[in-house]
Amino acid sequence: MKKKLGVFLLLVAILACAFGCGGGDITPASKELAFDANGNFRILQLTDIQLIQAGLEPNTKALLDTVIDSQAPDMIIITGDNTSSEDFSSIKDKATAKAALLAVHKEIVDYMTSKNIPWSATFGNHDALYGIAPKSEIFDVYTKSPTYIGGWATDAYANCYVDKEAGNEIENTASGYNIKEGTYTNFSIPVKSNDKSKTLYNIYLFDCQTSMNKYLPILDSQIAWYEAQRDALKAANGGAYVPSILFTHESAESFKNAYHNKDNSEIVSKYYGEVGDGDVFPPENGANFDEAVLSAGDMKGMFFGHDHLNTFNAVVKNNGHKVFMAYARISSFAKYMYANLPMSYSRGGRIIDIKADGNLTSFDVSCKATNKAYTQFEVNTQYQIDLSKD
């Protein structure tokens, strides 16, 4: 179903946000995520903002404003490639290049903080290319935001896994690809009952390795951390797995398999969207990740970015369970990465509505510019999925 939101509805959404729907002053209590009185919790996924030296330009800012204000999320998650760090390699002085890259990441952080909505972000394969700034220093910029959920250490709002020594070996120092680095943005974030007495859903974020000439998988250490979190939640929940969703930058082999078998009803029960990049491109050798996150039946949804022109999404059958797998639509007009993409191409994001009863619904948010400056948009929602029915 495709639904056009007019100016009136957009204004209503903005007013609703202003009066407390996903907004208001952020306090320690409000960073403790919880379902509303009707058992609903809304997440907005943004992805591949890919900012360059120019920073947050007016059309990308207007796009983000439109998506956030029209959808009034309770939480925002950015799934990596927040910058195209290779653009900063044209700055010859290394200290100047590093300062410029960190300043653009801070611009993202300041923008997100200004929205007064709890948010989190993971990294993509472009964020630390060429080693212009260590991922640890980029990560530190994010942790300074009072509205950011996740950080260097576990706190009341998220269990955090950081390993400064993990990561791939340098394979091509000349190109700056495959930088050896740590893994940072791995978070386990509970969403609690309305009275905050019990965890009813869990959100996982996984960091992505910096790589280009081949995409490298989620590390075994990240998988072990996830399994420990999943099992601890189960133990605290009387022996029952807690319904969960995950966000990471690059897709999964199971998602590629779903795309290649989308018309096989024994594998995929429903699908929507396009694969404008020609295929689904997961990291190499990612079977361990798939096996871990799909083995217990707790995983309800898996959400990705990375493949810029892909909006494909599918309900996948998995050993008696259903898992919704989806891309988010790109959320930027940044010129470096999207120089050859028509400005008329619809950008946006994805909404994931999780339910206190364990269900999940989701839809694509598509914004089409209505003025020549690409700062005003018509908002469309499409590809509606209800996991309990589809």
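**A mixed sheet, two helices and a pocket**

In this predicted model, Phe303 has Ala326 of strand E12 as its bridge partner. That pair is a handy way in. The strands to look at here are E10, covering residues 299–304, and E12, covering residues 321–327; they run parallel and are joined by 4 bridges. In general, the strands of a sheet pair through backbone hydrogen bonds, and they can do so in a parallel or an antiparallel way.

Stepping back, E10 and E12 belong to an open sheet of 8 strands, and following the order across it gives E5-E6-E7-E8-E10-E12-E11-E9. The pairing in this sheet is mixed. At the edges sit strand E5 (159–163) and strand E9 (268–272), each of which pairs on one side only. From one strand to the next, the twist averages 15°.

Next come the helices. Helix H5, made up of residues 220–236, packs on the sheet and touches E5, strand E6 (183–192), strand E7 (199–206) and E10. The direction of H5 makes about 175° with that of E7. Helix H7 (residues 287–294) lies across E7, strand E8 (244–248), E10, strand E11 (313–318) and E12. Relative to E10, helix H7 runs at about 145°. Both helices therefore have E7 and E10 on their lists of strands.

Finally, there is the second largest pocket, which holds about 200 Å³ of space. Its lining is made up of Phe88, Ser89, Ile91, Lys92, Lys94, Ala95, Ala97, Lys98, Tyr130 and Ile132. Sorted by class, the residues lining this pocket come out as 6 nonpolar, 1 polar and 3 charged.

Definitions and conventions:
Residues numbered from 1 in each chain as written. Predicted model: local features only at pLDDT ≥ 70, side-chain atom pairs only at ≥ 80, totals over all residues. Heavy atoms only, no water. 1 Å grid on protein atoms, 1.4 Å probe; cavity = no way out; pocket = protein on both sides within 12 Å on 5 of 7 lines; lining within 4 Å. Points joined across faces, edges and corners; volume = space filled by probe spheres on them. Nonpolar A, V, L, I, M, F, W, Y, C, P; charged D, E, K, R; others polar. Pairing = 2+ DSSP bridges. Axes fitted to C-alpha atoms, helices over the stretch in contact; angles between N-to-C directions. Contact = heavy atoms within 4.5 Å.
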